Amino acid sequence: MTPAARVQAAIGVLDQVFDGMPAEKALTHWARGARYGGSKDRAAVRDFVFQAIRCRDSYAVLGGGQTGRQVMIGQIRAEGGQPETYFTGSPYAPAPLTVAERAIAAKADPDLNTDLPPDLPAWLYGKFEESLGAEGAAEAAGMLRRRAPVMLRVNGRKADPVDVIASLATDGVSASAVPEIETALHVTDGARRVGQTQAYLSGEVELQDAHSQAAMVCLEVRDGARVLDYCAGGGGKTLALAARINATYFAHDANPRRMKDLPDRAHRAGVAVDLVQGEAVRRHGPYDLVLCDVPCSGSGTWRRSPEAKWSLTPDRLASLCRVQAEILDQAVALTAPGGCIAYTTCSVLREENEDRIAMFLSTHPDWSVHYARSWPLDARGDGFFLTTLTQRPSDVAS
């Protein structure tokens, strides 16, 4: 496919997305009907589409409207290109620019950070300002316009970072160490080949955000402890803990299908994780650590899933906060005397983070904060929040 044909394909996919179809579904439909497109073509179209979703509002201003065609004109302008070189009307290319579109494309390029909308719904940008301050909100919104870095976690049970970097290079993947996060590697080239590398297939590395890795390193878990990952999902945080601490690990999720790959991942990593559901969760307890990586807005991860920032509503956010409170309440009953609850989110919103902990403490006065830290949404990783909670010793003793 020519570059212009890729732009035309992205326009068609975006029109479906803007009409309400999930991006993954729209891309799948296009790929099935585009047998002529190779893997590089599919990757290029995918990149166009997700970048357009990240920057939907600002690209619409640059392109003169919110159709797939107009947003792609905006994207080309934002990236320093000339729309007329793609919109030629040649076979498989978009139709030539109209007079109105040429006038828009000829305008002086605005400053993406100051002259264009922040690519967040207005109510959400207000939440960002409440949580991060005016400067922090602007920085976070700017980060959400970019692709997320691809990060790997080195499994210390099987390899060290230096050897893994060399092994990845042999398989065509370039990676470098991440300062201050000793398990993390930043993939700088060949990210789409990671899943086929020997390092990945042998369990020496897993895909995991750097800040999520850093949070798991902060957790204090003694050898021999009993650990419950109460909202396990794919189990990445359990595997990160198990890579450095000899403990007994249990994983649970309200939707067990989210854990379907965890047994294979644990086997590949060389660790044991017992999946538990229903009454088995309580039967195997109590636990020395209950990790609650609660359902949240995911606002710290919206570079990876940009559709979520446009679909989140105030009612949905309020519902998530209620679920978070319920999970914390449930975790209390599962935690052993002297044990710890670790509450984490991949959100930058105060009401899911600090406010949620404050509410918990107001209804559980015998508990207190043992450790708290947040990681910003930046070039190294997603926005992430961690608080560990313990019962006061006097209350435990009584």
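1. Let's start with the sheet. In this predicted model, 7 strands make up an open sheet with mixed pairing, and their order is 7-6-5-8-9-11-10. Strand 7 (273-275) and strand 10 (367-375) are the edge strands; each has a single partner strand, so one side of each has no neighbour in the sheet. On average, neighbouring strands of this sheet are turned by 20° against each other, direction ignored.

2. A closer look at one pair within that order may help. Strand 8 (residues 287-293) and strand 9 (residues 335-345) run parallel and are joined over 6 bridges. If you would like a residue to orient yourself by, try L289, which stands opposite C340 in strand 9. As a general reminder, strands of a sheet pair through backbone hydrogen bonds, in either a parallel or an antiparallel way.

3. Next, the helices that lie across these strands. Helix 10 (residues 210-218) crosses strand 8, strand 9, strand 10 and strand 11 (384-391), and its direction is at about 150° to strand 10. Helix 16 (residues 354-363) lies across strand 9, strand 10 and strand 11, running at about 15° to strand 11. Do have a look at the edge strand 10 here, since helix 10 lies across it and helix 16 does too.

4. Finally, a loop residue. Where does A106 sit? You will find A106 in the loop between helix 6 (99-105) and helix 7 (122-143). Is A106 buried or exposed? Its relative accessible area is 65%, and because exposed means over 50%, A106 counts as exposed. For a sense of distance, the C-alpha atoms of A106 and T248 are 63 Å apart, with these positions 142 residues apart along the chain.

Conventions:
Residues numbered from 1 in each chain as written. Predicted model: local features only at pLDDT ≥ 70, side-chain atom pairs only at ≥ 80, totals over all residues. Heavy atoms only, no water. Helix = DSSP H or I, 4+ residues; strand = E, 2+ residues; numbered from the N terminus. Buried < 20%, exposed > 50% of the residue type's maximum accessible area, 1.4 Å probe, protein only. Pairing = 2+ DSSP bridges. Axes fitted to C-alpha atoms, helices over the stretch in contact; angles between N-to-C directions. Contact = heavy atoms within 4.5 Å.
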